[in-house]
Each structure stands twice: as C-alpha cells, then as structure tokens.
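This briefing covers one molecular structure. It goes through open and enclosed spaces, helix packing and a few single residues.

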Amino acid sequence: MKNKKYIYSIIVVLILAILGFTAIQKNSVQANSRIKIVFWHEMTGLGQTQLNEFVKEFNSSQNKYVVVPQFEGNYNEAVQKILNTHGTDASPALFQSMDVSTSQIYNSGYITPVQKFIDQDNYDTSKISAVARAFYSKNGKQLSMPFNTSQPVLYYNATLLKKYGITPPPVNPSYSDITRVATELYQKSGKKVKGISVEIYGWLFEQFLANGGESLANNNDGHSGTPTSVNFTGKVATKTMTWIQSLIKNGTFMNFGAGSSAAANEMAAFLSGKIGMFLQSSADISQLTSGTKDKLGITYYPHPDNQKSNGVSIGGASLWISNDKSSKVQQGAWQFVKFLMTAKSQAAWQVATGYLALNEDSQDESILKNYYKKYPAAKIPGQQLRRTKPNNTNSGIFMQGLIQERTLTQTAMEQIYNGSNIKNSLTEAQKAMNSYVTSNNLANKISQK
Amino acid sequence: MMENQAKSQNFKLSSEKEKSNISLGYNPYAKDKLYALLFLGPSLLILAIFVFYPMLRTIYLSLFLTNNLGNPTVFVGIKNYLTLLTSSSYINSLIATLIYVIAVSILTIIIGLILAQAATKKVAGISFFRTIFSATMGVSVSVAAIFWLFIFNPSVGLLSQLFTALNLTPINWLTEPGWAMTAIVISTVWMNLGFTFLIFFGALQSVPYTLYEAAQIEGASKSYQFFHITLPMISPTIFFVSIITLIESFKSFGLIDLMTAGGPNNATNLLVYRIYQDAFLNGNYGLSSTESVILAVIIAIFTFIQFKVLEKRVTY
C-alpha cells in the first residue's frame, strides 16, 4: 500500500515538473525574440521597488529589448563581482556602481563610455545636472550616467528650535551660524538637547573640503591626471576639525562614532528629539519625514567662515555600460538608461526614494510639485545641486582607493573627536594614504602596461 | 554477540590468508594502501582544493602587490611583512586582539562555569533557568548585534537611560576606545555563554556523585569540594572549551562589523576585521594575505602553548 502511494506521488511530481519545464521554455522562447539586457543594481527597499517598477514600464513600452534586473548585494561587494565576472556569460550588460568606484571601474577598461551613445544619438545632456555629470566624467567625456544621486545637507528639527525660541540657521550657513544655533539649543534646553552631530564618515570629510574649495588629492583631485599624493592637512580641513573640536568642548556636540550603527543611532536620536541638527545625505529625507511629526528643516551644507561656499559634490551611484556585450545589447542598455533619465522617471524616482531628480524638467512634473507642497524643505537639496557650478574641487575625487581614504580620514576624525591634536592625526592619516597611493599606482600601472 | 564472533573469525581467516600471501612473495600492504587511498581520497581531494591550495596561494600572494583585479603584479618579497610589523596601527590591532581574546576566553570560562554550577542545584524552576542560560546558542550574530546596539545606544539606549535615572553621566559605549572594547567583550561573552554553559553543564553531570559523598563524610567544605573534586574532574572539558573559545575569539567578525566597524580609532579593529577591510574594501589582496599568514602563525603558537602547558594540568 505504502509503495503505491509513493509511486503515485512520484508520478504527480514528474507531471508537474514537465508542465513547469515546458512553461519555462515557452517563456524563454518569448524572451528570446527580444534582446536580453542584464542589469545589475544594488538598490534595496524603496529604491529597489521603484527600480523594478521602471523595468516593468520599460519592458512593456517597447518590444525590442527586455531588461532583467538583478540585485547584487552592497556597493562594495558589487564592485568586486563586476570586475571578476567581466568577459563571462554571467556578466551584466548594464550595471550600477557607487560613486567612489568610478576611477577603478574606468581604469579596468571594461566599459564603453556613455559619451559614445550620447554622440551617436545627439542626446541633449544639458538637461541633466551638471555637477552630477561632472562627477562621472573624465576630460569632458561622460563615462557613466549619474543615477541615484544625493547631496549632503544639514537637517534641523524646526519644531524643537521654535519651542525654545531659537532662530533657525540660514539656508546657506557658515560654521559659526551652526555654532550659534547648536549652543543656544543646548543652553536653552537646560543641556537636555544636544545641538549637532557630524557622523564620523569620510564622505562628509570630503564634502567639507569640497565646500571650502580645497583639493583632497593632487592633480586637481585627479581630474587632470592620476593622483600621486593626498592632502588632508590643508587650511579648510584644519579649520573644520577645529570647529568640531570647539563644539565638542562646549558640550553641544554628540558623537555617534563610525560604522553602520552610527548613522542609525544618529537618526534615532534626531527622530526622538535628542539632537537638534545633523549632517547627512539628502537621501534620508523620506525616512525623516515619515519618522517624526516634528517639522523638518533643511539647509545647504555648512561652509567655513569668511568665504563663499564652493558647493558640494554628490554621492550615490551611476550606470555603466559593459563593453563585453554585442553592440546591439549595448544599444539596448543605452535605451534603458535614457528611459531612466526622462523627466517623468526622475521625478517619480525622487518622490519614491529621496534621491534627487537629475533632469531639470522634472521640476515641472506634477508628482514632484505635489511632493514639495507636502514637504517644503525637500526642495532645498535640489536647489543646492542646481546652484553649484562644477569645478575641480567639487566634482568628486578621481582616484583609486577612496575606500581606504575614507577609512583613514575616519580614524583621524575619531582621534580628533576624542581630543587628539588635529595636525598630528591628520598628518598620520595623510602619510598612510600616501604610501597606499604609491603602492597602488605601482601595482596597477604594471598590469595596464 | 553472534555477530562479533563471526567478525573475529572472519578477521582470523583474512589474516591467515595474508600470511600465506607473504610466503608467496605478495605484498599485503599494497592492498591496504589502495584501501587507504580509496577511503581518504575524497576528503583529501576536498581538503586539497578548499584548504591546502588556498593556504599556499595565500602565502604566495603575501609576497606581492596586487592590482585592482586581485592579480599579483609586483613581487616585493617580505616587504609586506616588514610594513605590517613596523606599522603602529597594525601593532595596536595586534595588542587589541590579544586583550580581546584573553578577556573573552577567561570571562566566558569563569561565567560559564558559575552558571553551570548554579544550574546543577535542584531547586524549583531550574529547568527554566537551564533553558535561559543556554538560549544564546540560538541567537544569530546579527540579532545579538541589534540587541546590544539598542542597549548601548548613547541617546535612547537602555543603559544610558538607566544611568540618567541614577543621576550618573551616561557612558559613550561605542565611541570611546576603552568602552567600545568593553562593550564588544561583553557582547561576545554573552554570545559565547550558551555553548560554554551547555558543555560545562554536561561535564558537571558526569562527575560521579560518590566522590562528593565521600568528601562530605570526610567533612570537606563546599569550596574545597569544588577545587579538589569538581575542577580536576572536568579539567578535560575546561581544556577543550578554552581552546575552542580562544580560536573562535581570534576569528570573531560579525559583532565587530555590526557594532563598531573596527572603530573608534581602531580600538576594536581586530586582526580578522583588518583582513576583511584590506581585501574586500581596499582591494589590497597582497597585504591582507600577509595579515592572514601572520594570524595563522599566531593561532598556531597559542594552540601549541595551550597543549603544552594546559595539558599537563589535565587529568583524564
């Protein structure tokens, strides 16, 4: 009896398997008639949902190409995967890669610069944010298409400032503007609410230098040649660290440390009204607006006193077209990139994720207008992006080993936050980075010949 | 019984056969070797592919600079080793690792033993406590990290609220170097306790009760019983646990990655975390291979010392 049951169940399973298999085959036959574009991305949460939505729209909008999105883990892991699978069947036709990997991906020689397609199509790039474009270009040539893009900004709790009768910081604050607000908040709240937090995060360090107009690496931050040394000990870097140390000294500063927990702790403290201001990526907006009933205020990134702000560069990631696929496939990848950059897509992208709409025309889309009506402060990051004129110090650093740079500047920041001598800490980090740059250049030049 | 007899008879027969083979000039060991190869072959093959080859490759890579793709490009000999051993930040990592490993091992063993001893008491509801004490075995590292992060959170965390309620200044657990190490040690010990408790508890159960009865008749105190009966009887277990905890804590990664990311100021940047950072974040495969080789040597030395020193005190 038992055996019979087994046999029946095996037969049923076999039939189901055969049916399933033919169904899969049918599907793949259908897909085969269209050109398959494998697209690797690293978006999670809301970003992933919206991206999949875009893919669905694109796939149903035409019948020549079919985009297959694949999630590839975090940014760092993805870089290694992209480099190691190139030239195999597993490699993507289109991939998203983070801001700091730009120089590394470019130097691998594994990509077709999107400039080629821009020229072919006479595609009008002037609609797309100049600062974002500058970040991903080399010698005026567009290497990849900026995609999910954020700006560093200062967030403040407007409700909390109002409660204690404090004038909010101006839209384009200097360091001493921030010191004033932070100190007042700390004093007037009876030392219950801390004024400000600056996460120990190398990206923010880079932005302080950018906004102060100081190069972090030589050869104009790598825009005119491979950097051979770095500069962490310049005027702006020292000024900024001195400013932070003074905030720590007068008790209004809150240090959340470094690493994945730091940003989360900082966010939790801000949402629960324990700190009044913090510096972070504009991509946090949706989390902040949904996390608290308090009114959110946003200003531009603070700049050193007695000088104009130079403008900050961007963060996020860009889209690259791999050169190991046929020209037809590459063409398809480019079509999808163009689809993502339309005013409509970009507006939807900002509303869904908090990343900035890069297409100028997106500002006229009703979906974005309604969003601004609901959250007026959400306008600020985009304004900051559009007012910045790209130059060599605010268009990112074109250098390999930026992850190492961030680790080292973060260590220096940790030491400084704990009271170490600013010059010593920065010099130590600079020395370590210089020796890294030297050996990295040595190791990579030989492979490129 | 029957089967055993049959087996031994078989054995006799086969050994007689072998004897007769020898006289015929046939090497009996050849067959043994063939069998040995057949039985060991598969595992040897797997070990060779997944252990020996990577080991040799690591040593090879440790002598090179590597490019972005991880390929060795410039041969630098022992320069990587010299760079590391003269770098103050690496030496700091080394010292931090030693402090961490020793603190974690000792605390885990002592607290685990205390808990196990307490759990042998026959009081009401003891099985509940036994379950609780061993519960951390079922907790994954990421869950533990989130749990401890909540406790250590500087503004809304449990500990800081407790400190504020008691009118004490809250400690910045994860941002001040000394406290960060303390926080990591506390969480690791907590993670380890479940396993250690279970092993010790099992060992304590296997100590014959008659020994304690004899001691009681002699009038020996509880503490005398513990140090002169319990400890010697479970010493093999203590030895085993100490080696396992030591090696495990040399390799700890998850809690550090999730709680401090090696900070603040490299205070919790232990050797394994450094290897990960250099290889998978900085793409410095050569240097991280060098770090791996050094770590392997250190663990080997520690294990050797433990076998030499501790084993003498173990009564089997």
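Helices, as counted here, are DSSP runs of H or I with at least four residues, numbered from the N terminus. With that numbering, helix 19 of chain A gives the largest share of the lining of the second largest pocket, nine residues. The model is a predicted one.

**Second largest pocket**

- The second largest pocket holds about 1200 Å³ of space. Its lining has 42 residues, and those closest to the centre are A:Leu408, A:Ala432, B:Ser87, B:Ser89 and B:Arg274.
- Both chains take part in this lining. From chain A, helix 18 (402-417) and helix 19 (422-448) each supply at least two residues. From chain B, strand 1 (64-66), helix 3 (79-86), helix 4 (88-119), helix 8 (177-205) and helix 12 (271-281) each do so too.
- By class, 15 of the lining residues of the second largest pocket are nonpolar, 22 are polar and five are charged.

**Cavities**

- Eight cavities of 30 Å³ or more are found in a search of the whole structure.
- The largest cavity encloses about 180 Å³. It is lined by 19 residues, with A:Gln104, A:Gly401, A:Ile403, B:Leu281 and B:Asn282 nearest its centre.
- Two or more residues of the lining of the largest cavity come from each of helix 3 (75-85), helix 18 and helix 19 of chain A, and from helix 12 of chain B.
- The lining of the largest cavity is made up of eight nonpolar and eleven polar residues, with no charged residues.

**Helix crossings in chain B**

- Helix 4 and helix 8 of chain B have axes that come within 7 Å and cross at roughly 40°. That angle makes helix 4 of chain B oblique to helix 8 of chain B, and their crossing is right-handed.
- The contact of helix 4 of chain B with helix 8 of chain B involves 20 nonpolar and six polar residues, and no charged ones.
- Helix 2 (residues 28-61) and helix 13 (residues 285-310) of chain B also have axes that come within 7 Å, crossing at roughly 120°. Angles from 65 to 115 degrees would count as roughly perpendicular and those over 145 as roughly antiparallel, so helix 2 and helix 13 of chain B are oblique to each other. Their crossing is left-handed.

**A buried helix in chain A**

- Helix 9 (residues 202-212) of chain A has eleven of its eleven residues buried, so it is largely enclosed by the rest of the structure.
- The buried residues of helix 9 of chain A include A:Trp203, A:Phe205, A:Glu206 and A:Asn211.
- Just after helix 9 of chain A comes A:Gly213, with a positive phi of about 75°.

**Single residues**

- A:Asn306 is not a glycine, yet it has a positive phi of about 60°. It sits in the loop between strand 11 (296-299) and strand 12 (315-322) of chain A. Its relative accessibility is 83%, and exposed means over 50%, so A:Asn306 counts as exposed.
- B:Asn167, also not a glycine, has a positive phi of about 65°. Its place is the loop between helix 7 (158-165) and helix 8 of chain B, and it is exposed at a relative accessible area of 74%.
- B:Pro236 lies within helix 10 (residues 222-250) of chain B. It is partly exposed, at a relative accessible area of 22%.
- The C-alpha atom of B:Pro236 is 9.1 Å from that of B:Ala203, a residue 33 positions away along the chain.

Methods
Residues are numbered from 1 along each chain as its sequence is written. Chains are lettered from A and ligands numbered from 1 in the order in which they are written. This is a predicted model: local features need pLDDT of at least 70, side-chain atom pairs count only at pLDDT 80 or more; totals for chains, interfaces and linings use all residues. Side-chain values use heavy atoms; hydrogens and water are left out. On a 1 Å grid over the protein atoms alone, a cavity is a set of points where a 1.4 Å probe fits but cannot get out, and a pocket is an open set with protein on both sides within 12 Å along at least five of seven lines; lining residues have an atom within 4 Å of a point. Grid points are joined across faces, edges and corners, and a volume is the space filled by probe spheres set on the points. Ala, Val, Leu, Ile, Met, Phe, Trp, Tyr, Cys and Pro count as nonpolar, Asp, Glu, Lys and Arg as charged, and the others, Gly among them, as polar. Buried means under 20% relative accessible area, exposed over 50%, partly exposed in between (1.4 Å probe, protein chains only). Axes are lines fitted to C-alpha atoms, for helices over the stretch in contact, and angles run from 0 to 180 degrees between N-to-C directions. Angles under 35 degrees count as roughly parallel, over 145 as roughly antiparallel, 65 to 115 as roughly perpendicular and the rest as oblique. A crossing is left-handed if the near helix is turned anticlockwise from the far one by less than a right angle, and right-handed if clockwise.
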